Each structure stands twice: as C-alpha cells, then as structure tokens.
Amino acid sequence: MGLGSKSFQLLSKIATNDQHGENSPYFDGWKAYEKNPFHPTKNPHGVIQMGLAENQLCFDLIEEWIKNNPKASICTPEGMHNFRDIANFQDYHGLPEFTSAMAKFMSKVRGGRVRFDPNRILMSGGATGANELIMFCLADPGDAFLVPTPYYPGFVRDLCWRTRVQLIPVHCDSSNNFKITREALEVAYNKAQEDNINIKGLIITNPSNPLGTTLDKETLRSLISFINEKTIHLVCDEIYAATVFTSPTYVSVSEVIQEINCNLDLIHIIYSLSKDLGFPGFRVGIVYSYNDQVVNCGRKMSSFGLVSSQTQHMLASMLCDEKFVDKFLLESSRRLFKRHEKFTKGLEEVEIIRFPSNAGLFYWMNLKSLLKEETIEEELKLWQVIINEVKLNVSPGSSFNCSEVGWFRVCYANIDDETVEVALKRIREFIGKETKKKIEQVKRWQPNLRLSFTSKRFDETVLSPHNHIIISPHSPLVRAT
C-alpha cells in the first residue's frame, strides 16, 4: 500500500521529513552501484564502487589474528566457556575490559601523547549513532552547529534527522587550501545571530572527510579559542585518526587542550573503529566527553544503541594485543600510502588536479575543466556521465556542500589492486576522450588558440599550514615538496 495523503498523516514528522539525506547525489551513487555492481568476471562492465570510504587493505592481518586467537570468540570451542557471561551482559557502561582497551587504543593512535579515561567512553552504534547521541546531549530542536565546508554528506542524517538540529555551513575554499579561518567562523556565527539562530557548537572532522588533510596545532588552538569566547561546544570527529600515512603527524584536540587553558566542559570527541580498523559492520561508535554531565546523561541515552557484548569481548582481546596493534597500525599506514601513490601517478598521467592530502581513504580531485559552465547543474551532469558511462561511483563536491564546483571525492581503499587498475584505465580513457573533444572544439572555432586542458592556475604560491605542501602556479599538477 502506498503512502497516500491520508495515510501519510498517520506518520510522525520525524519519520516523514527529508532530513534523512538519502535524496543526495552522494547516496544516489550508491544506488547506481547496487543496481549494477562491478565484478571482474561476472560483470566486468559494471559500476566500480568508489563512493564508499572503507578501509579493506589489511583484512588479511585481521583474519590471521582471528585464526591465531580462537579464545577471543564465544562461538568457538576454545572460547565457548565465556558464552553465558557474555551473552547475558547488557550493562550500558560496557565491558570494563573493552572500554579499557579502547582507551589504550585511542591513545596509541594519537602517538601516546595523551591518555584517555575509560570511564568517559560512551558507546553507540557506529559513528552515526555517536554523532546523534552527542547532538541529543548538547542541543534542542532548532539549535544549530557550525560546520566547515566541505563536509561529510551523512552529517545531515546523523546530526539533524531525528534531533532536528540545524547545520550552518562555514564556507572554506581552495584559495588557502580550505583552511578553517577565524574570519569565516565569525561570518557564519554572526549571520546566524542576525537570523536568531541559537548556535550551540562547532563540529569539525580531523582528519577531514573529504579533503584527506589533518589540522595543525595552530588551527586547533584557534578553533578552541573561538568556541571558548562564544561559550559553545566543540565536537571533533576523529574517526580517521589512524589513516594518516605521511607527514605531518596527526594532532588530536585532546593533545592541544593539555597545552592551553580552556573550558573542558565544551570539548567532545567522536571516534569509531569503522575507518581505522575497517570494521563498519561491527558498529563501534564512541563519544568521549570531558563534560561530566554529558558522560552521565549520554551513558543513559547510549542504551538505545549499544555495541553488542560479543563484539566488545572479541575487540577487547584484539586491542589488548599490543604487538598486533603496533604491527597493524604500521602496515595499514604503509599500505594506504602505497595505494595513495598509485592513484597519484594514475591521475598525473592525465593531468587531473588533486588536492594534496596526507590521510583518509580518498582523493579530492578537481574536474572543473570538464564543465561547460561553472555551476552545480553542470557538475551534476558530469557526475551522471561518470556514473552511467564511465561506470565509476564517485561523489560530487556539491553533495559535500563545497563552495566551489568541479570537485569530486574518489575512494580508493575499498577495492583490490586489480579493480584499481580497471578504475584508473577507465579514468584515463574518459579524460583522453574529453581532451580530444576539447581539442576538436578549439580547432573548429579558434584554430590559432593553444588549448590549456588544466583548468586551475593559482595566482600565487600557496603554502598549506596543515599539509606542508606547496601549490605552484607554474605547474598544472600539485606535487608534494
């Protein structure tokens, strides 16, 4: 039975509003892949999934550990003696061995420069649940959080759908490598004040999704200073903390607040094992708050989305194995760097502009030169061509609320080496085809005009304070120095 106007009214406003975010091209790309998924032999002309930020490069290490540690599972003969205790456990504080192991792992990921208190760890169903949990704790319906652009499209669902919280974009652009400036924050904050919108906080992702960059101490200090002056919350999404594969090293907000005076009640961290370990299906989300009241009320709320006790039990054993954790983190970083470099070379062959990155599971590439006009409509037309003709599911920048058109996020850690080769081949063929079209157009209309395929030139050399990468105005490509 379809939802007619009469039956539609029987449902709640939360159930029927459009804040679920699934009307975004970001999710439409997933649907296109699901209808026609690539397979090297069964469907070699299908859509390759490059819109999903999953880390599948080290599953062999995980599988090896599981084989060598059968006691970690309550579903094996070696571990079955723990079955009754684990199956009956339902305390929303979590298994003590799990929260302790998580605290140690979070510290190790951050270079051991900060310690975490297991008693401040709140569990939730993945980062999605953790983001919603912190919103329920901090904001009322109609309140708003500032969020720098570009940002993860799923934030609309995670932060707003059921909480009815608003997101106010803080517009950043490539002129300074998308740096979050105090000026941009003030503009967004003041505009919200003029519109009588109650700003409750600022949410950032570090490392960034979709940029794949990390914030430096100077920027983090500036952000902390801003929220302190305004007495609003700072929520730091750090779910990609262990995906840093080259310099600069990762700096967490938890490290910076040890060095400056600030109101700790305003600082909260979102963490997960979905990206760093590649366990999105385990639904391990963490809220770590320095605010006692948030810890108290958040723990009660967490009963709506706990991590299963069986998952806690296995992960407690895995994360306590320091030898394994050290090996995994080192090898994961090495493999991410190798995959990143492979894509770098592949894109450079056809002079595709990429944003310099040192973390994450994706590329932020610029195809503005392929747009007929610099509009969102033209960007989405190009995206449709890439999806339907090139058969690659990449995500358009407009779905990340990017203030500039032509940017696309391309995920590269969720596919195997053979599929990478197929994807790069498709990209090269597509760009070659589009370049030939442009050349023919120029010859037809302006035979004496020399074509410059690369669309973007910087008026001045830009040194990124959080990437240490120089973008030269004399090169069509960006290269690390």
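A residue is called buried when its relative accessible area is under 20%, exposed when that value is over 50%, and partly exposed in between. In the predicted model described here, both Phe178 and Phe355 are buried in this sense, and of the 481 residues of the chain, 54% fall into the buried class.

The chain contains 16 helices and 15 strands. Its mean pLDDT is 89, and 89% of its residues reach a value of 70 or more, whereas pLDDT stays under 50 over residues 449–481, a stretch for which the model nevertheless has 83 contacts beyond four places in sequence. Among the contacts in the chain with a separation of 6 or more, 73% come from residues 24 or more positions apart. The surface that the chain exposes amounts to about 22,200 Å², of which carbon and sulfur atoms supply 51%.

One open sheet is built from 4 strands in the order S9-S10-S13-S12, with antiparallel pairing. Its edges are formed by strand S9 (353–354) and strand S12 (395–396), each of which pairs on one side only. Between S9 and strand S10 (residues 362–366) the antiparallel pairing extends over 2 bridges, and Ile353 stands opposite Asn366 in S10. Helix H14 (residues 322–348) packs on this sheet, where it touches S9, S10 and strand S13 (407–411), and its direction makes about 15° with that of S10. Helix H15 (residues 376–390), in turn, lies across S12 and S13 and runs at about 30° to S13.

A search of the whole structure finds 23 aromatic pairs. In one of these, the ring centres of Phe27 and Trp30 are 5.3 Å apart and the ring planes stand at 75°, so the pair is classed as edge-to-face, given that planes over 60 degrees apart count as such. Phe27 and Trp30 are 3 residues apart in helix H3 (residues 25–35), and are therefore separated by about one helical turn. Phe27 has a relative accessible area of 6% and is buried, while Trp30, with a relative accessible area of 22%, is partly exposed.

Phe178 and Phe355 also form an edge-to-face aromatic pair, with 5.4 Å from centre to centre and 70° between the planes. Because Phe178 lies in the loop between strand S4 (166–170) and helix H9 (182–194), and Phe355 in the loop between S9 and S10, this pair ties together parts that are 177 residues apart in sequence. Phe27, Trp30, Phe178 and Phe355 are among the members of one aromatic cluster, which also includes Tyr151, Trp364 and Trp407.

Definitions and conventions
Residues numbered from 1 in each chain as written. Predicted model: local features only at pLDDT ≥ 70, side-chain atom pairs only at ≥ 80, totals over all residues. Heavy atoms only, no water. Pairing = 2+ DSSP bridges. Contact = heavy atoms within 4.5 Å. Axes fitted to C-alpha atoms, helices over the stretch in contact; angles between N-to-C directions. pLDDT = per-residue confidence, 0-100. Buried < 20%, exposed > 50% of the residue type's maximum accessible area, 1.4 Å probe, protein only. Areas by Shrake-Rupley, 256 points an atom, 1.4 Å probe, with all protein chains shown as cover. Phe/Tyr/Trp six-rings, centres within 6.5 Å; stacked < 30°, edge-to-face > 60°.
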